[in-house]
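This briefing is meant to be read alongside the sequence and the structure. Please keep both in view while going through the points, which are grouped by topic.

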Amino acid sequence: MSLAGASFGRIPRETTRALMTGVGSAGSTVGLLDGAINLGFAGIEKRLARPDPTLVGYIVALVGAYHTSVDTPRNLRRAASRFNELGRPEVAAYLEERAREETGHDRLALKDLRALGVPAERLVASFVPEGIKPLCKRFDDLCVQDYPMGCIGYSYCLERIAALKQETDIEKVRAMCPPDVDATRFLRSHSSLGSEAAHVEETIEFVASLPANDRIRVVQETYESALILAEGYNHELLKSEAQMLEELEQALGEALPFRHSSYPLHGEKRGALPAA
Ligand SMILES: [Fe+2]
Ligand SMILES: [Fe+2]
């Protein structure tokens, strides 16, 4: 999951008037989950920074994408083993499947960074974007809870937002990159063109099959995660390109190398893509 290169789309809103008690359906579940995301972003949407995307911002987003992906399989397996202990093998099986699907996504972000001439391993080892830290912590915490149902809400939130990204968002990133460089592996895979759309569908179906108290917990956490995500977005987006470049270079302890002198990272353009 990730927000690298994300654009904000409006998720259709539905409202509910009564607390859920009965059997779930895909229609009501998607309405509740997407309503929770809209609500989480509602408070911040008006003051959301929307600067032009830049290569420096994209590098920060890829570092964020790495950090929100690297521990996902391990965390999901931890939650799965807890559900096995709790006698909920169907939840465990769902989480184990998700852990398998998410395996290797951190490497896509590393490959993209390398393609841009960035010393990827060294950068991710020394730098976590500020806006991403609370998000990583949230997922870590959710997956070790005694009843870690909330981790499904967190995952839904991030994947649903990633699945809003369209081909045009990927094209914008391609246009910023040198012509012979493919630095959109992570972005493509975490967009409407990649696996995220299918992950979202599967999650909706699974959540709809859960008892009402579990569905409520998933929706609550979708909202909480959306709040954290929205704050993180804005934190990174409000930085100038110079600020972001300074943070990256401070972490590396050297100037960022780049492969193509026609794409200088020290350009004059300001602003950033949403951080992952
Ligand atoms: Fe992923
Ligand atoms: Fe995914």
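Helices here are DSSP runs of type H or I with at least four residues, and strands are E runs of at least two, numbered from the N terminus. In this predicted model, the elements run α-α-α-α-α-α-α-α-α-α-α-α-α from the N terminus on, and the chain accordingly holds 13 helices and zero strands.

**Overall build**

- Of the 276 residues of the chain, 55% count as buried, while about 11900 Å² is exposed, with carbon and sulfur atoms supplying 53% of that area.
- Among contacts between residues at least 6 apart in sequence, 84% join residues at least 24 apart.

**The iron site**

- The iron ion (ligand 2) takes its protein donors from Glu102 (OE), Glu159 (OE), Glu196 (OE) and His199 (ND1), which lie 2.0 to 2.3 Å from the metal, and along the chain these donors follow the spacing E-x56-E-x36-E-x2-H.
- The arrangement of the four donor atoms around the iron ion (ligand 2) is irregular, because they subtend angles of 86 to 168°, whereas four donors would count as tetrahedral only if all angles lay between 85 and 135 degrees.
- The iron ion (ligand 1) is 3.6 Å from the iron ion (ligand 2), and glutamate 102 coordinates both ions.
- Distant parts of the chain are linked here, since glutamate 102 belongs to helix H4 and glutamate 196 to helix H11, 94 residues apart.
- Glutamate 102 has a relative accessibility of 3% and therefore counts as buried, and glutamate 196, at 0%, counts as buried too.

**Aromatic pairs**

- A search of the whole structure finds four aromatic pairs, and one of them, formed by tyrosine 94 and phenylalanine 206, is stacked because the ring centres are 4.1 Å apart and the planes stand at 0°.
- Tyrosine 94 lies in helix H4 (residues 89–102) and phenylalanine 206 in helix H11 (residues 196–208), so this pair ties together parts that are 112 residues apart in sequence.
- Both tyrosine 94 and phenylalanine 206 are buried.

**Nonpolar cores**

- In soluble globular proteins, nonpolar side chains tend to be buried together.
- The largest nonpolar core in this model has 40 residues, and those with the most contacts inside it are Phe41, Val91, Leu95, Cys151, Ile152 and Leu229.
- Two or more residues of this core come from each of helix H1 (26–45), helix H3 (72–85), H4, helix H7 (133–143), helix H8 (150–162), H11 and helix H12 (212–237).
- Valine 91, when residues up to four places away in sequence are not counted, touches Phe83, Met149, Ile152, Phe206 and Leu210.
- A second, separate core comprises 32 residues, including Leu62, Val181, Ala183 and Leu245.

**Two further buried residues**

- Histidine 105 is placed in helix H5 (residues 105–115), and with a relative accessibility of 9% this histidine counts as buried.
- Leaving aside neighbours within four places in sequence, histidine 105 is in contact with Ser69, Phe186, Ser189, His190 and Ser195.
- Arginine 88 sits in the loop between H3 and H4 and is nevertheless buried, with a relative accessible area of 15%, which is under the 20% cut-off for that class.
- Apart from neighbours within four places in sequence, the contacts of arginine 88 are Phe83, Tyr147, Met149, Leu210, Pro211 and Asp214.

Notes
Residues numbered from 1 in each chain as written. Chains lettered and ligands numbered in written order. Predicted model: local features only at pLDDT ≥ 70, side-chain atom pairs only at ≥ 80, totals over all residues. Heavy atoms only, no water. Phe/Tyr/Trp six-rings, centres within 6.5 Å; stacked < 30°, edge-to-face > 60°. Buried < 20%, exposed > 50% of the residue type's maximum accessible area, 1.4 Å probe, protein only. Contact = heavy atoms within 4.5 Å. Areas by Shrake-Rupley, 256 points an atom, 1.4 Å probe, with all protein chains shown as cover. Donors = N, O, S within 2.8 Å, 3.2 Å for Na, K, Ca; no water. Tetrahedral: all angles 85-135°; square planar, octahedral: opposite > 155°, others 65-115°. Core = buried A, V, L, I, M, F, W, Y, C linked by side-chain atoms within 4.5 Å.
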